[in-house]
Amino acid sequence: QHIMASRQFNPAVYEPGYTVAQENSHRLYPGLGAVELADAFEYEIFNSLQVNLSHRIGYGLTFLTNFVWSKNIDNQSAANEGNDGPPNPFNLQSGRGVSDFDQKFRYNASVNYKLHDFNVSRTLRPFTNGWQANGIVKVQSGLPITITSGVDNSISGVGNDYADFVP
């Protein structure tokens, strides 16, 4: 399933010696500047193992626990308006990787206890009976980060270049 997103339709083509100031003269269609195209080029892959356990002990006490181990991969997580698409406009897979919202581990636990009903008048029953006490715990791994360079290193007019790794 493809997801609608924006990408650069008229990127600049880099050649040695060109500078950012010459960017518009080296676009695919030199008479035009940057052109944003809405296209269904994005995709997402989600795989997970999910385990749920629930146990009703009795006396109004119930436990529920859930564990999820997952991986979410896409070719562009930020599909908002104004995003110029993948770093390399000629290779739509150049942005493929772990999604910005991927969380590898997630654990949830809850307990529910139905409080006892009181023997009171019919007028007070809606206010005193039918109450529950609940507790919820959620523990999850952190979100991944994508580090971009902040400048148009590729002189493509896209500006989504990744930072260079220098060991």
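## Starting at Phe 67

Let's begin with one residue in this predicted model. Phe 67 has a relative accessible area of 31%, so Phe 67 counts as partly exposed. A residue is called buried under 20% and exposed over 50%, with partly exposed in between.

Phe 67 also has a partner. Its ring centre lies 6.2 Å from that of Phe 105, and the two planes meet at 25°, so this pair is stacked. The cut-off behind that word is simple: planes under 30 degrees apart count as stacked. Phe 67 belongs to strand E4 (residues 61-74) and Phe 105 to strand E6 (residues 105-114), so the pair ties together parts that are 38 residues apart in sequence. Phe 105 is partly exposed too, at 36% relative accessible area.

## The other aromatic pair

How many aromatic pairs does a search of the whole structure find? There are two. A pair of aromatic rings is described by the distance of the centres and the angle of the planes. For Phe 9 and Tyr 29, the centres are 5.9 Å apart and the planes are at 15°, so these rings are stacked.

Where do Phe 9 and Tyr 29 sit in the chain? Both are in the loop between strand E1 (3-8) and strand E2 (36-42), and they are 20 residues apart. Phe 9 is partly exposed, with a relative accessible area of 38%. Tyr 29 is also partly exposed, at 43% relative accessibility.

## A nonpolar patch on the surface

Now back to Phe 67 and Phe 105, because both help to make a nonpolar surface patch: residues can join a patch when their relative accessible area is over 30% and they have no salt bridge. The patch covers about 800 Å², and its other members are Leu 49, Val 51, Leu 53, Trp 69, Tyr 107, Val 137 and Val 139.

Which strands supply at least two residues each? They are strand E3 (44-58), E4, E6 and strand E7 (132-140). E3 gives the largest share, three residues. One patch member, Leu 49, lies in strand E3, and Leu 49 is partly exposed with a relative accessible area of 44%.

## Tyr 59 and its positive phi

One more residue is worth finding in the structure. Tyr 59 is in the loop between E3 and E4. Is Tyr 59 buried or exposed? Tyr 59 has a relative accessible area of 77%, so this residue is exposed.

Most residues other than glycine have a negative phi. The phi of Tyr 59, however, is near 55°, a positive value in a residue other than glycine.

Terms used:
Residues are numbered from 1 along each chain as its sequence is written. This is a predicted model: local features need pLDDT of at least 70, side-chain atom pairs count only at pLDDT 80 or more; totals for chains, interfaces and linings use all residues. Side-chain values use heavy atoms; hydrogens and water are left out. Rings of Phe, Tyr and Trp (its six-membered ring) pair if their centres lie within 6.5 Å; planes under 30 degrees apart count as stacked, over 60 as edge-to-face and the rest as tilted. Helices (H or I, at least four residues) and strands (E, at least two) are DSSP runs, numbered from the N terminus. Buried means under 20% relative accessible area, exposed over 50%, partly exposed in between (1.4 Å probe, protein chains only). Patches are made of residues with over 30% relative accessible area and no salt bridge: like charges are joined within 9 Å, nonpolar side chains (Val, Leu, Ile, Met, Phe, Trp, Tyr) within 5 Å. Accessible areas come from the Shrake-Rupley method with a 1.4 Å probe; for residues, only the protein chains shown count as cover. A salt bridge is a side-chain nitrogen of Lys or Arg within 4 Å of a carboxyl oxygen of Asp or Glu.
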